[in-house]
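Visitor: Hi! Could you walk me through this structure before I set anything up with it?
Guide: Happy to. Here it is, and then just ask away.

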Amino acid sequence: MKKNEWTYSTDTRRHFRHFSANRLLLSLLLPGIVLFLLIIGVTIYNLLAIESGADTLMRENIPAMMENRRSADNLAVLRHEIDTIYAATDAEQRHRSTLTAEMILAYFVFEQSDDMRKFADKFYSLPRQLSEIRAKRQYNDDKLEALQLYLSGMSTLLRNEAGAPLSAMDKNDALDKPTPARKFARAHALCLRTDLPRDLREPCAVFQQTLRAAEETYAEITAADKAAALLRQGLSDELLALDAALAASAVQNTHAKVDKIKDDSQTLANMFRAMPALLLLCLLGILAMLRIYILTPIAKLTGALDEIAKGHYTPPNLPHTRIYELQKIMDQLPHICRNLKKLTRLTERLAHEKRKFEDLSMVDGLTGVSNRRSFDMRLARKEKSHRGESLAILMIDVDKFKDYNDHLGHQAGDKCLTFVAHAMKNVLLRRNDTLYRYGGEEFTVILENVSADQAMTIAMRIREAVYKLRLPHPASPASPYVTVSVGVSAAHREHQVSCTEVVEQADRALLVAKSKGRNRIHLYSEADPPIRVPTRQPDGDQTMPPAARPD
């Protein structure tokens with residue numbers, strides 16, 4: 001966005017009247033409070049009117065309703081007695097229920113209601129008819145049970161004589177078949193066979209005759225059940241109609257007194273029906289004001305802050321708002337953008353300088369390889385890790401380098417160290433194998449996950465690479481060219497050997513290699529002869545006792 005656009009957006013807000021967020025909140029709540037008080041007033045007025053009508057209804061209409069209630073209770077008792085007659089298996093209980101039902105119907109004859117008297121005249125004989133049907137049905141049940149018991153014995157006898165006894169599967173099938181024909185279907189099918197033995201023909205004839213009698217009895221039971229169900233259903237329908245007539249009579253008697261209650265309740269109901277619409281309109285108005293004055297500016301402000309967080313520090317074109325607090329925040333965005341842009345540039349510059357100085361602090365300025373500080377930090381990290389990895393240290397020393405400087409000069413010595421460092425670095429092929437300048441003419445190499453033989457192989461390649469440079473060394477007793485001596489120490493971390501101990505072992509191995517004539521490689525061993533550790537001098541040479549100094 002251009003600068004003049006932001007200035008226009010900021011200046012145009014002066015034509016608006018600003019107000020605080022608290023004032024906006026009060027403006028939003030005031031219509032809701034007024035509506036709430038109005039609803040409470042109308043509700044109290046209608047409830048008082050309903051209370052007055054209910055008091056009048058209780059004094060005048062409740063007695064008539066209680067009379068109808070007694071009639072309804074008698075109808076319920078009658079329905080219960082009819083159900084008892086229909087379901088009872090005890091003849092004495094059925095007889096008592098029949099007498100009770102007839103007595104209730106006789107009482108209905110003296111009721112003032114014409115519907116009750118007509119009902120009593122119509123159904124006075126029904127309890128007796130239903131009782132007779134249920135008694136006949138019980139007689140047929142006993143008869144059918146005796147016939148089925150006889151048929152079961154005959155079926156078992158016939159199947160045993162025919163060599164086909166009733167199996168467990170047949171018994172389960174018999175339990176699932178309700179009619180006699182289906183229940184004894186297997187025995188009936190046996191009697192219909194053409195190859196039936198002669199001695200089973202007469203029992204089969206008796207069995208089939210008995211089966212027909214059982215089927216007839218079962219049909220009579222079914223017919224009786226249907227007749228009883230029809231009688232019971234007819235009475236139930238009439239009872240329901242009579243209950244409805246009693247209820248209608250009670251409603252008609254109380255209709256005049258309920259009209260006032262209905263009117264008041266309708267007024268109250270209409271108010272509550274309209275209340276959701278009023279509340280919805282009020283809520284929509286509140287939401288609209290919130291969207292216009294708060295949510296939309298906040299959304300724009302959030303989008304602008306997101307762009308700033310992504311690194312776009314151009315001041316956004318935000319709309320003006322009437323909320324004083326929000327407008328103050330929007331007015332600060334251009335200043336925030338400018339300050340963030342400056343801060344980002346400074347941060348990037350500091351990060352670049354930090355990386356630059358970190359790189360310089362880790363690299364030797366002369367040879368370009370890692371320095372002693374980088375070596376110590378690498379060992380410290382390795383010491384903190386508890387992985388069981390092997391570690392090998394190569395301690396390398398340029399043979400008679402002080403004499404090299406004395407004969408050829410320090411500038412030639414610096415070039416020599418640079419050539420030697422590059423040659424040794426090119427020998428290391430793995431990414432984690434690193435060459436460090438330990439101090440003066442001494443170098444060291446850290447090898448991870450290598451055995452002692454592998455470390456010796458790399459040490460020999462380093463010694464050969466330096467020798468192949470063919471750098472003349474007129475003061476060296478070991479060779480006419482520049483050579484190196486290498487001390488090798490390899491240990492596995494599981495042996496509880498610290499990194500510092502591995503470095504000390506490599507240093508002792510280097511002293512052994514130098515004591516044996518230089519231009520040599522020596523692997524540390526506990527059997528090595530004791531050699532006093534020399535005192536290192538700033539120029540790279542070493543001051544050693546006469547007994548231990550090899551030169």
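**A chat about the model**

Guide: To start with contacts in the protein between residues at least 6 apart in sequence, 71% of them join residues at least 24 apart. Keep in mind that this is a predicted model.

Visitor: Okay, so what is the mean pLDDT of the protein?
Guide: The mean pLDDT is 76, and 79% of the residues reach 70 or more. Over residues 1-14 the pLDDT is below 50, although the model has 20 contacts for this stretch beyond near neighbours in sequence. Residues 166-177 also stay under 50, with ten contacts beyond four places in sequence.

Visitor: How should I read coordinates where pLDDT is low?
Guide: Not in detail, where the confidence is low.

Visitor: Fair enough. How many helices and strands does the protein have?
Guide: There are 16 helices and seven strands.

Visitor: And what share of the residues is buried?
Guide: Of the 551 residues in the protein, 36% are buried. The accessible surface comes to about 33100 Å², and carbon and sulfur atoms account for 58% of that.

Visitor: Let's look at a strand. How many residues of E1 are buried?
Guide: Nine of nine, so to speak the whole run of residues 390-398, under the cut-off of 20% relative accessible area. Ser390, Ala392, Leu394, Ile396 and Val398 point one way from E1, while Leu391, Ile393, Met395 and Asp397 point the other way.

Visitor: Why do they split like that?
Guide: In a regular strand, side chains alternate between the two faces of the sheet.

Visitor: Which strands does E1 pair with?
Guide: One partner is E4 (residues 484-492), in the antiparallel sense over nine bridges. Another is E3 (residues 442-448), which also runs antiparallel to E1 and is joined to it by seven bridges.

Visitor: Got any residue pairs I can click on?
Guide: Sure. Ser390 stands opposite His492 in E4, and Asp397 stands opposite Glu442 in E3.

Visitor: Switching to electrostatics: how many salt bridges are there?
Guide: The count comes to eight salt bridges. One of them is between Glu448 and Lys382, whose closest N and O atoms are 3.9 Å apart. Glu448 lies in strand E3 and Lys382 in helix H12 (residues 372-384), so this pair ties together parts that are 66 residues apart in sequence.

Visitor: Is that pair buried or exposed?
Guide: Glu448 is buried, with a relative accessible area of 12%. Lys382 counts as buried because its relative accessibility is 6%.

Visitor: Which residues are linked with them in a network?
Guide: Arg378, Lys382 and Glu448 are linked in a network of salt bridges.

Visitor: What about Asp406, which residue does it form a salt bridge with?
Guide: With Lys402, at 3.4 Å between the closest N and O atoms. Both lie in helix H13 (residues 401-408), four residues apart, which is about one turn of the helix. Lys402 is partly exposed, with a relative accessible area of 30%.

Visitor: And Asp433?
Guide: Asp433 forms a salt bridge with Arg430, and their closest N and O atoms are 2.9 Å apart. Asp433 counts as buried at 9% relative accessibility, whereas Arg430 is partly exposed at 38%.

Visitor: Now backbone angles. Which sign of phi do most residues other than glycine have?
Guide: Most residues other than glycine have a negative phi. Arg470 has a positive phi of about 60° although it is not a glycine. Arg518 also has a positive phi, near 70°.

Visitor: Where do those two lie?
Guide: Arg470 lies in the loop between helix H15 (452-467) and E4, and Arg518 is in the loop between helix H16 (499-515) and strand E5 (521-523). Arg470 is partly exposed, at 45% relative accessible area, but Arg518 is buried, at 8%.

Visitor: Last topic: which residues make the nonpolar surface patch?
Guide: Leu29, Ile33, Phe36, Leu37, Ile40, Ile44 and Leu48 make a patch of about 690 Å². Leu29 lies in helix H2 (residues 21-60).

Visitor: Why does Leu29 count as partly exposed?
Guide: Because its relative accessibility is 47%, and partly exposed covers values between the 20% and 50% cut-offs.

Conventions: Residues numbered from 1 in each chain as written. Predicted model: local features only at pLDDT ≥ 70, side-chain atom pairs only at ≥ 80, totals over all residues. Heavy atoms only, no water. Patch = residues over 30% accessible without salt bridge, like charges linked within 9 Å, V, L, I, M, F, W, Y side chains within 5 Å. Areas by Shrake-Rupley, 256 points an atom, 1.4 Å probe, with all protein chains shown as cover. Salt bridge = Lys/Arg side-chain N within 4 Å of Asp/Glu carboxyl O. Helix = DSSP H or I, 4+ residues; strand = E, 2+ residues; numbered from the N terminus. Buried < 20%, exposed > 50% of the residue type's maximum accessible area, 1.4 Å probe, protein only. pLDDT = per-residue confidence, 0-100. Contact = heavy atoms within 4.5 Å. Pairing = 2+ DSSP bridges.
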